[in-house]
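Okay, thanks for coming, everyone. I'll put the structure up and then walk you through a few spots in it.

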Amino acid sequence: MQVGIDMGTLSGGQSAKLDIEELLATRLLVQGNSGSGKSHLLRRLLEQSAPWVQQVIIDPEGDFVTLADKFGHVVVDGERTEAELAGIANRIRQHRVSCVLTLEGLDIEQQMRAAAAFLNGMFDADREYWYPVLVVVDEAQMFAPSVGGEVTEDARKASLGAMTNLMCRGRKRGLAGVIATQRLAKLAKNVAAEASNFLMGRTFLDIDMARAADLLGMDRRQAEMFRDLQRGNFVALGPALSRRPLPIVIGPVETSARSSSPKLMPLPDAPQDVEDLIFTPDPEEFTRPAVRRTPPAPRPTTDILAELSRSTPAAIAPTSEPPSRSSQPELTPEEREEKITAVLTEILDDPQSAYRTDAVLYQDFLVRARMRRIPGTPMALSEFRRQIAITRSGVDVEMAASENWQKALELSRSVSDDLQGVFLLLVKAALAEEPCPSDARIARAYGTHSARRARRLLGYFEEKELVVVHADFSGKRIVAFPELDAKTAPGDADAPDGDVSLAAE
Ligand SMILES: Nc1ncnc2c1ncn2[C@@H]1O[C@H](COP(=O)(O)OP(=O)(O)OP(=O)(O)O)[C@@H](O)[C@H]1O
Ligand SMILES: [Mg+2]
């Protein structure tokens, strides 16, 4: 039986068909950057094919549970033991019931383990239950990552193994994988390679475009067309779709995603008693369970060492101040902040400061702060490092207030203190779309004269998947930040450091 389900429209207005039976044998890979419309596409595919084929959805965000009302999918909460999940998966095959495995609320490692247990449970079903099932995995790069991440090796192996089974060995057992990913380069190659059908949406990074071109057997210039695709527009290719790359616009869906893009909404009229509303706790709050908090990060050893080796800091701690000082005028927090910034600027204005260690600068900072009579310890070494990294990155007021810069600061927390300066320098260049800083400039931000070291740092960021470094046609370097959807303009890696005060040295 051939069933062509309707995915949307072609550029001529005809309907874009997907041959569901062919799909069962040849699997599908969907890729596109965040917001390109992958989840919407999966939903369209699921809704249209629901009457024809059993479906299982591995759903990291719990987005697809809304299929339950209209199409009768059973919702399986992933927060169970692995044995329970395997048992449920087995019965799902036995009774041929469609289901959504929602992994919302689990941490990434638990999500991987739960998905692995469920997929393996389906894979291990008895031969008599090998009926065809569409197995849809959204955010597949989470479950089949191309490199190890923060999760334990165990969890990664289990999840990757289950995904490999699904895509490579599932067909005989009736399992047809349909996987979606934001970043092709982050998806394990063997998992991606088993799909013969592709729907490619907007793709921002060259490295993903190159992977897409390789998979589709296109030349790389042809793959450039993925860059400018609109939301909901995909290029289809494969035996179940089209023999040539075919642009299609995905049609509407009947059920809604639980999460959707944020929309601006007018604010409600301010009530009269707004202060009361905010400052008076609701009695119920006291009976609610405490909010889960992440434990505070351990204090870096460098902080403690600096504290121990300091000769003067105790004198500026408020508790050990001589009584006569207590008559000192109280500073408002803003005044204090202002003074601290002034001291920081003073230190950084010295061109030699780039080549002094942070510990030496911090000493200098504490002494100057004391001379300015700034009460209390102005800040810990780690915070000091962060502050100078921010100041040195050259971020201006407007960018500093932007949401992207806040995201960048968040991201910068994943590199150690001593690398913050370099990281923020690069982020700032990317957000401002300035040319990529040269090796010499990066070296200075790291407090060294060695260009080789600068390149090693870039390599390190790349290994940690924070950046993607590549070159344009003329060999100029571009550093892209996938998480921020930003990249620097091409810059000459060998250019001299443009800093005049240093050139004069
Ligand atoms: N073809 C379409 N028609 C109408 N709206 C769409 C279409 N495709 C996507 N959208 C809307 O665009 C928004 C983003 O789409 P979607 O959530 O599918 O993106 P995504 O690629 O899955 O992103 P992410 O990778 O961040 O999950 C959603 O609000 C969705 O409803
Ligand atoms: Mg999505």
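So, helix H7, residues 153–169: it lies across two strands, E7 (133–137) and E8 (175–181), and runs at about 120 degrees to E8. Before I go on, please keep in mind that this is a predicted model.

Now, the sheet that those strands sit in. How many strands does this open sheet have, and in what order? There are 11, and reading across you get E2-E1-E11-E10-E9-E3-E8-E7-E4-E6-E5, with mixed pairing. At the edges you'll find strand E2 (15–19) and strand E5 (74–77), each pairing on one side only. On average, neighbouring strands here are turned by 25 degrees against each other, if you ignore direction.

A quick reminder for anyone new to this: strands in a sheet pair through backbone hydrogen bonds, and they can do so parallel or antiparallel. Strand E4, residues 54–59, and strand E6, residues 99–102, run parallel, with four bridges joining them. If you want one bridge to look for, take Ile 57, whose partner in E6 is Val 100.

Okay, helices. Let's take H5, residues 108–123. It has 16 residues and reaches 22 Å from first C-alpha to last, close to the 22 Å expected at 1.5 Å a residue. Is H5 enclosed or open to the outside? Well, 12 of its 16 residues are buried, so H5 is largely enclosed by the rest of the structure. Among those buried residues are Ala 114, Ala 115, Ala 116 and Ala 117, and also Phe 118 and Phe 123.

Compare that with helix H14, residues 333–349. This one has 17 residues and reaches 24 Å from its first C-alpha to its last, close to the 24 Å expected at 1.5 Å a residue. Which residues of H14 are buried? They are Ile 340, Val 343, Leu 344, Ile 347 and Leu 348. Those residues cover an arc of only 130 degrees around the axis, which puts them on the same side of H14. Turn to the face pointing away from that buried side and you meet the exposed residues Glu 334, Glu 338 and Asp 349. And what do the buried residues of H14 pack against? Helix H15 (358–371) and helix H16 (381–393).

Let's stay with H15 and H16 and look at some rings. The model has six aromatic pairs by the rule used here. One of them is Tyr 362 with Phe 365, a stacked pair at 6.3 Å centre to centre, with 20 degrees between the planes. Tyr 362 and Phe 365 are three residues apart in helix H15, so about one helical turn separates them. Both Tyr 362 and Phe 365 are buried.

Phe 365 has another ring partner, Phe 384, and this pair is tilted, at 4.9 Å centre to centre and 35 degrees between the planes. Here the pair links distant parts of the chain, since Phe 365 is in helix H15 and Phe 384 is in helix H16, 19 residues apart. Phe 384 is buried, as is Phe 365. Elsewhere, ring pairs tie Phe 423, Tyr 460, Phe 461 and Phe 481 into a cluster.

Next, a bit of backbone. Most residues other than glycine have a negative phi. Arg 27 goes the other way, with a positive phi near 60 degrees. You'll find Arg 27 in the loop between helix H1 (20–26) and strand E3 (28–31). Arg 96 isn't a glycine either, and its phi is positive at about 55 degrees. Arg 96 is in the loop between helix H4 (82–95) and E6. Are these two arginines buried or exposed? Arg 27 counts as buried, at 7% relative accessibility, while Arg 96 is partly exposed, with a relative accessible area of 45%.

Last stop, Thr 203. Look for Thr 203 in the loop between strand E9 (197–200) and helix H9 (206–216). Thr 203 is buried, with a relative accessible area of 0%. What does Thr 203 touch, once you set aside its neighbours within four places in sequence? It is in contact with Gln 31, Asn 33, Asp 208, Met 209, Phe 226 and Arg 227. As for Leu 184, that residue is 19 residues from Thr 203 in sequence and 9.3 Å away in space, C-alpha to C-alpha.

Note on methods
Residues are numbered from 1 along each chain as its sequence is written. Chains are lettered from A and ligands numbered from 1 in the order in which they are written. This is a predicted model: local features need pLDDT of at least 70, side-chain atom pairs count only at pLDDT 80 or more; totals for chains, interfaces and linings use all residues. Side-chain values use heavy atoms; hydrogens and water are left out. The expected span of a helix is 1.5 Å times one less than its number of residues. Buried means under 20% relative accessible area, exposed over 50%, partly exposed in between (1.4 Å probe, protein chains only). The arc is that of the directions from the helix axis to the C-beta atoms. Contact means heavy atoms within 4.5 Å. Two strands pair if DSSP finds at least two bridges between them. Axes are lines fitted to C-alpha atoms, for helices over the stretch in contact, and angles run from 0 to 180 degrees between N-to-C directions. Rings of Phe, Tyr and Trp (its six-membered ring) pair if their centres lie within 6.5 Å; planes under 30 degrees apart count as stacked, over 60 as edge-to-face and the rest as tilted.
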